[in-house]
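This report goes through a two-chain model, chain by chain, with attention to charged side chains and their surroundings. The sequence and structure come first.

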Amino acid sequence: MNKHGKQFAKLFSTHFKMTFREKQVWFWSIFYPVLLMVIFMIIFGGGSSDSFSAKIALVEPQGNPLSQGLKQSFEQVDVFTIMDDQPVSQDQAESWLKDKEIDAVIVLPASVTDTEVGLLMNKESQNSTSAQAINGILNNMVLQANLMGQNAEDQLHVTADYISSGSEKLEYTDFILTGMIALAISQAGLFGMVGMVEMRRNGLLKRLMMTPVSMRLFGISNMAVRFILSAIQIVLLGLIGVVAFKANLDINLLSLLFIFIVGTLSFAGFGFMIAA
Amino acid sequence: MNSGQAMVLQVDRLRKSFGSVVAVDGISFDVAQGEVFTIIGPNGAGKTTTLEMIEGMQKPDDGTITILGDSWSSRARSIKMRIGVQPQSSALFDLLTVEENLDVFASFYERQRPVEEIMRLINLTDHRDKRVKTLSGGQKQRLAIGLAMVNDPEIIFLDEPTTGLDPQARRNIWDIVLKLKELGKTTILTTHYMEEAEKLSDRVCIVDQGKIIAIDTPKALIGRLTKEREIHLTFTGGAAQAAEAEGIARTTEAVTSVSRDGEHLIVCSTRPEQTLYRLFGYTTEQEVQVEQVSIREMSLEDVFIAFTGKEWRD
């Protein structure tokens, strides 16, 4: 037993050195997944937030109590960000709209008797969800104002709530993070496979079979190093994802461990199968 | 041969074919304790196949191998513990250093020779911390031989240890083989360099097309050839003196043929000492100066040619 332990330690350190002295392993198994994750996080992670928001510009042709009231209520709506924080001229607003700097222009009524609230949106994005949302919100606000004007209270209102099937809200960054971890595990496995095929090609496996070394111990120690490499990848990617990109590492640890072991073993198994 | 000594390896009527090609066709030989035994032959003669069957890497189609009293089928592990192998392709852990390589291989065996001592023997002590990747071809080959010695084996197999090396690197390998011999190790070696077999071996086994052509000491093999030797003489005085000496040589006993090229004379004789005595008697008498004298020794190459009737190709 002690003899086996010693031989295992030697083989383990051999595989360890062979793996971590290989620059390609550093690049493909550590640097590459991290780089890929950072790129994906930057490209796709930024746009995602929990709620809808839109930039609008207000145009107030002539100040009056009605437009003042509406203006205040727009300011109170969180989803709207008002450009310049105050009404601007119609021309200015339209040029912003053309440049797509804002999502919509709202033209407030010119007088108390005017019943028109104008909504200008970019033609190219008229079918977008934000256009529909702005339209909906605006309609709702006008309806509220109408009801208030008539001193009537609405009898019915809809309360909408969405229930996520995940344990907590899942964002795109979370998907990237878990995806990258999966990629990294397969990458590490694949690399071990290449190493094994290389050993077969250059005759090292054959050479080892000429010695009394236990090929089982050789395989087990190889897998042990593979596990370490995968563990490093998971910790590193997890840390970068959580710390730098505020991703939720909302993973069932038990199933992660299961996937980690099965994934690493199956890729290592492929390697042995091809090399044998 | 070596009847007083114990036989450490007995190979009997070994046969192996790959498809329709017969690689080894009934090879039998015995190797005694402490011998350097060389299997020599051109490429594709069956040297490596024979060696790999003895090393347990290939199963013979027919025939038996007894190695250190054991057979591969019954005691493979015990045999592996007691032999050392350097295969033709130097298979090493190339991201590990020289010392680390020796260390790992040593851990496989119950018996070990100190790594320090092996590094000294293969002359790599200065390069112990160098990764294999950075070593030269000769250094790698020496390390491969070193790896075959980590368990202080009773028999060492070296498969073409000098192929592809420059003359200096080859000589270094020869030194190692001679040191192994001093240590009393039995060495079985394959090569396709005649010069090497002649220099290193106690006995040579010439193989061609899977069959043994001759098996004996290098000296005895050469001795089996005709006793005729070529004597080369170059005269300081030029072609005229050489022509005169040619006349003398033609009338000398035991001379089989004489040819002349300018001041250069070639005399073939079955009794070269007598022929030389006669020729030098003449030159001393006439005060003729001889610039160069040489007798070309017969080599294993000549043996190969004589036994197979084929040209030797390196």
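Helices and strands are DSSP runs numbered from the N terminus, a helix having at least four residues and a strand at least two. In that sense, B:Gln292 belongs to strand E13 of chain B, which covers residues 290-296. The model is predicted.

**The two chains**

Chain A contains nine helices and four strands. Their order along the sequence is α-α-β-α-β-α-β-β-α-α-α-α-α. Chain B contains eleven helices and 13 strands. The C-alpha trace of chain B extends over about 75 × 45 × 40 Å along its principal axes.

The table sets out like values for the two chains.

| Chain | Residues | Buried residues | Accessible surface | Carbon and sulfur share of surface | Contacts between residues 24 or more positions apart, out of those with a separation of 6 or more |
|---|---|---|---|---|---|
| Chain A | 276 residues | 34% | about 16,700 Å² | 60% | 77% |
| Chain B | 314 residues | 51% | about 14,200 Å² | 46% | 67% |

Chain B carries 37 positive and 47 negative side chains. The centres of these two sets are 5 Å apart.

**Salt bridges**

How many salt bridges does a search of the whole structure find? Over all chains, the search gives 29. A few of them are described here.

In chain A, A:Arg201 and A:Glu198 form a salt bridge through their side chains, with an N to O distance of 3.0 Å. Both residues are in helix H6 (residues 172-201) of chain A. They are three residues apart, which is about one turn of the helix. A:Arg201 counts as exposed because its relative accessibility is 62%, and the cut-off for exposed is over 50%. A:Glu198, with a relative accessible area of 35%, is partly exposed.

In chain B, B:Lys16 and B:Asp61 form a salt bridge whose closest N and O atoms are 4.0 Å apart. This pair connects distant parts of the chain, 45 residues apart. B:Lys16 is in strand E1 (residues 7-18) of chain B, while B:Asp61 is in the loop between helix H1 (47-54) and strand E4 (62-67) of chain B. Are the two partners buried or partly exposed? B:Lys16 has a relative accessible area of 12% and is therefore buried, the limit for buried being under 20%. B:Asp61, at 45% relative accessibility, counts as partly exposed.

A salt bridge also joins the side chains of B:Glu160 and B:Lys47, at 3.5 Å from N to O. This pair, too, links distant parts of the chain, with the two positions 113 residues apart. B:Glu160 sits in the loop between strand E6 (155-159) and helix H6 (167-182) of chain B, and B:Lys47 sits in helix H1 of chain B. Both B:Glu160 and B:Lys47 are buried.

Beyond these pairs, a network of salt bridges links B:Arg111, B:Arg113, B:Glu117, B:Asp152 and B:Lys185.

**A buried arginine in chain B**

B:Arg170 lies in helix H6 of chain B. Why does B:Arg170 count as buried? Its relative accessible area is 13%, and buried means under 20%. Which residues is B:Arg170 in contact with, leaving aside neighbours within four places in sequence? They are B:Thr162, B:Leu165, B:Tyr193, B:Glu195 and B:Glu196.

**The annotated span and strand E13**

An unreviewed UniProt entry places the feature "domain: ABC transporter" at residues 9-234 of chain B. Helix makes up 33% of this span and strand 29%. The end C-alpha atoms of residues 9-234 are 50 Å apart.

B:Gln292, in strand E13, touches B:His232, B:Leu233 and B:Thr234 when residues up to four places away in sequence are not counted. The C-alpha atom of B:Gln292 is separated by 39 Å from that of B:Ile212. Along the chain, B:Gln292 and B:Ile212 are 80 residues apart.

How values were computed
Residues are numbered from 1 along each chain as its sequence is written. Chains are lettered from A and ligands numbered from 1 in the order in which they are written. This is a predicted model: local features need pLDDT of at least 70, side-chain atom pairs count only at pLDDT 80 or more; totals for chains, interfaces and linings use all residues. Side-chain values use heavy atoms; hydrogens and water are left out. Buried means under 20% relative accessible area, exposed over 50%, partly exposed in between (1.4 Å probe, protein chains only). Contact means heavy atoms within 4.5 Å. Accessible areas come from the Shrake-Rupley method with a 1.4 Å probe; for residues, only the protein chains shown count as cover. Lys and Arg count as positive and Asp and Glu as negative; His and the chain ends are not counted. The place of a charge is taken as NZ of Lys, CZ of Arg, CG of Asp or CD of Glu. UniProt positions are given in the numbering used here, feature names are shortened, and annotations may be inferred rather than shown by experiment.
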